[in-house]
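The exercises below ask the reader to work through a chain step by step, with the coordinates open alongside. Each task sentence is followed by a worked solution.

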Amino acid sequence: MADPPEKKMLKRIPDGDNIDRLSALPNCVLLRILSRFRTKDAAATSVLCTRWRDLFVSLPDVYLSFRVDGDASDRDRMFSDFVDFANRVIRQRNKASIGKIEVDVMHFVKSYRLAFESLLISAAAALSSCNVQQLHLSVRMDKTTERFSIPIPPGIFSSKTLVSLSVTFEVDWNVPDFVWLPNLKNLYLFEFRLVDEDSIQRLLQGCPLLEQLMLFVQPFSYESESEERIEVEVLHISSPSLKSLLLCWNAKVELEFTVVVQSENLESLFCSLQGQHKVTIDAPNLKSLTVEGHVLEVHINQSLVSIDKAVVQAEFLHNVTNHSDLFLRSQRAFKFLSGLVNVKSLNLSENILKALYFSQPALPTFRNLIKLELIPVYCYSFPRSCILQVLSNLFESSPKLEVLIFSEVFKNYFGEDEEFGSVFLQALPLTFIEHLKVIEMTNFRGEEHEFKLIEYFLKNGKSLKKMALEREAREDWKCVPEDCERILAFKKCSDDCQIVLKKKWDHITCPKFRQLLKLSP
């Protein structure tokens with residue numbers, strides 16, 4: 001009987017055949033395989049045979065990671081071995097190109113400093129000799145060690161090929177006097193400590209093509225064994241090429257501190273600040289703006305004509321001292337919001353609504369505003385009636401609003417002791433509700449006040465196309481079918497309105513409700 005065709009293709013290898021077919025593959029294939037491993041694991045393949053001995057040093061990317069788990073009594077020797085290995089990997093490249101060098105060290109202690117400096121020198125030398133495009137350096141301090149400084153070789157800030165640079169140092173380091181990174185487009189500085197007012201600007205001036213900057217700042221004063229304490233009062237960020245800026249303050253600033261952002265091509269700005277900050281924005285082409293945390297003032301120099309989205313979760317009334325201070329900060333909040341009149345999508349925290357209550361009663365008209373998300377802040381000391389008054393003014397000032405989102409609706413969101421109907425009419429007048437096309441609640445809990453609000457919207461929304469309700473994944477809609485049935489039973493003013501019930505990250509999967517809600521599978 002003849003063998004099946006598929007069996008004719010199979011040839012049995014004799015038991016004595018020990019041919020190393022893997023090693024016979026070309027270098028490009030083997031390097032492709034080794035690139036799936038961390039550099040340390042790829043180096044372990046050198047024991048297989050002479051064919052593999054130095055193959056790992058030709059990998060296009062170098063990943064070097066040191067972590068001490070468990071007993072750390074011998075970690076000085078272990079770190080010395082790690083640095084020796086890392087230096088070998090980098091120095092034996094023989095000028096072969098390196099796409100990325102990534103160094104990640106955890107539980108860093110002072111005794112590592114000298115050895116680590118030699119590794120930094122090797123990395124700096126590779127930038128010029130191996131045409132490195134990406135360099136990521138991360139050093140995480142051990143909790144038992146005191147703060148100290150590490151000098152970064154000037155060569156790291158002088159490279160013609162570097163496109164992306166990421167530095168995460170919990171130790172102190174300085175920006176060198178000379179910086180020249182002509183092709184750098186992405187710069188990420190984490191745990192950065194401001195040494196002087198010119199450090200960041202000196203860095204930016206040496207990056208003429210920089211497009212994205214992420215800056216996580218530690219306390220802005222600098223202190224070491226050999227230098228006196230230096231107070232920094234202003235952070236100036238100016239770059240004509242910059243398109244995206246993310247600025248985060250990792251520690252609270254007790255004294256007034258000024259941040260100046262200036263870029264004619266800046267499109268996205270994210271500020272997360274803690275303390276007494278004053279922010280000045282001179283970016284006429286800004287399209288996306290996020291401000292959160294504690295600020296004294298956010299001043300916009302030029303009208304933001306192209307602004308598409310703004311997220312305002314800043315606390316303008318943090319640590320108000322007296323009535324005069326309250327009035328001044330409220331006026332600043334009003335002026336800042338007035339600079340966003342051209343925005344199309346707006347996320348507002350109640351923190352700024354509180355400040356607006358004490359400012360001028362008439363809000364500017366947001367003629368382009370289509371989408372509004374309200375982020376509540378649960379506060380017993382601030383009357384809900386005051387928030388409702390500002391909300392009502394805001395709705396009246398948004399004639400083209402189509403999408404309204406509640407990130408959460410607290411029990412007292414529209415008052416507790418009053419009748420819901422009269423409160424809704426005050427805060428959400430019918431003339432406003434009639435124009436809405438989409439309403440969303442992103443943290444629906446199934447409480448009575450939420451059902452009443454949904455019923456009010458469905459009953460009066462003449463133009464409503466979608467009502468979307470989202471629950472936590474652990475509170476799946478399938479577990480509460482009575483909630484679904486109650487919502488679906490509400491009378492709808494708009495026959496075209498679709499009710500969408502979702503859980504976090506996903507739509508419901510129950511076939512019954514999918515059919516009822518006309519959801520696609």
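## Exercise 1: two helix contacts

Glu350, Leu353, Lys354, Leu356 and Tyr357 in α8 meet Arg384, Cys386, Ile387, Gln389, Val390 and Leu391 in α9, where contact means heavy atoms within 4.5 Å. By class, this contact of α8 with α9 has seven nonpolar, one polar and three charged residues; Ala, Val, Leu, Ile, Met, Phe, Trp, Tyr, Cys and Pro count as nonpolar, Asp, Glu, Lys and Arg as charged, and the others, Gly among them, as polar. The model is a predicted one, in which local features need pLDDT of at least 70 and side-chain atom pairs count only at pLDDT 80 or more, while totals for chains, interfaces and linings use all residues. Residues are numbered from 1 along each chain as its sequence is written, and side-chain values use heavy atoms, with hydrogens and water left out.

Task: find the angle at which α8 and α9 pack, and then treat the contact of α7 with α8 in the same manner.

Solution, step 1. α8 and α9 pack at an angle of about 85°, with their axes 9 Å apart; axes are lines fitted to C-alpha atoms, for helices over the stretch in contact, and angles run from 0 to 180 degrees between N-to-C directions. That makes α8 roughly perpendicular to α9, given that angles under 35 degrees count as roughly parallel, over 145 as roughly antiparallel, 65 to 115 as roughly perpendicular and the rest as oblique.

Step 2. Helix α7 (residues 323-338) packs on helix α8 (residues 350-357) at about 115°, the axes being 8 Å apart, and α7 and α8 are therefore roughly perpendicular to each other. Helices (H or I, at least four residues) and strands (E, at least two) are DSSP runs, numbered from the N terminus.

Step 3. From α7, the residues Ser330, Ala333, Phe334, Phe336 and Leu337 meet Ile352, Ala355 and Leu356 of α8. The residues of this contact divide into seven nonpolar, one polar and no charged.

## Exercise 2: helix length and burial

Task: compare the span of α9 with its expected value, repeat this for α5, and list the buried residues of each helix.

Solution, step 1. The expected span is 1.5 Å times one less than the number of residues. For helix α9 (residues 384-396), with 13 residues, that gives 18 Å, and because its end C-alpha atoms are 18 Å apart, the two values agree.

Step 2. Helix α5 (residues 113-129) has 17 residues and reaches 25 Å from its first C-alpha to its last, close to the 24 Å expected.

Step 3. Buried in α9 are Arg384, Cys386, Ile387, Leu388, Val390, Leu391, Ser392, Leu394 and Phe395; buried means under 20% relative accessible area, exposed over 50%, and partly exposed in between (1.4 Å probe, protein chains only).

Step 4. In α5 the buried residues are Phe116, Glu117, Leu119, Leu120, Ser122, Ala123, Ala124, Ala126 and Leu127, and what covers them includes α4 (75-91), β2 (100-108), β3 (134-141) and β4 (164-169).

## Exercise 3: positive phi

Task: state which phi values His107, Glu191 and Asn131 have, and where these residues lie.

Solution, step 1. His107 has a positive phi of about 55° although it is not a glycine; its place is in strand β2, and at 29% relative accessibility His107 counts as partly exposed.

Step 2. Glu191, likewise a residue other than glycine, has a positive phi near 60°. Glu191 is found in strand β5 (residues 186-192), and at 15% relative accessibility it counts as buried.

Step 3. Asn131 follows α5, and its phi is positive, near 55°.

## Exercise 4: loop residues

Task: is Ser239 buried or exposed, and what does Ser407 touch?

Solution, step 1. Ser239 lies in the loop between β7 (234-238) and β8 (244-249) and is buried, with a relative accessible area of 3%. Not counting residues up to four places away in sequence, Ser239 touches Leu210, Gln262 and Ser263.

Step 2. Ser407 lies in the loop between β17 (403-406) and α10 (420-427), and at 12% relative accessibility Ser407 counts as buried. Neighbours within four places aside, Ser407 is in contact with Glu373, Leu374, Ile375, Pro376, Thr442 and Asn443.
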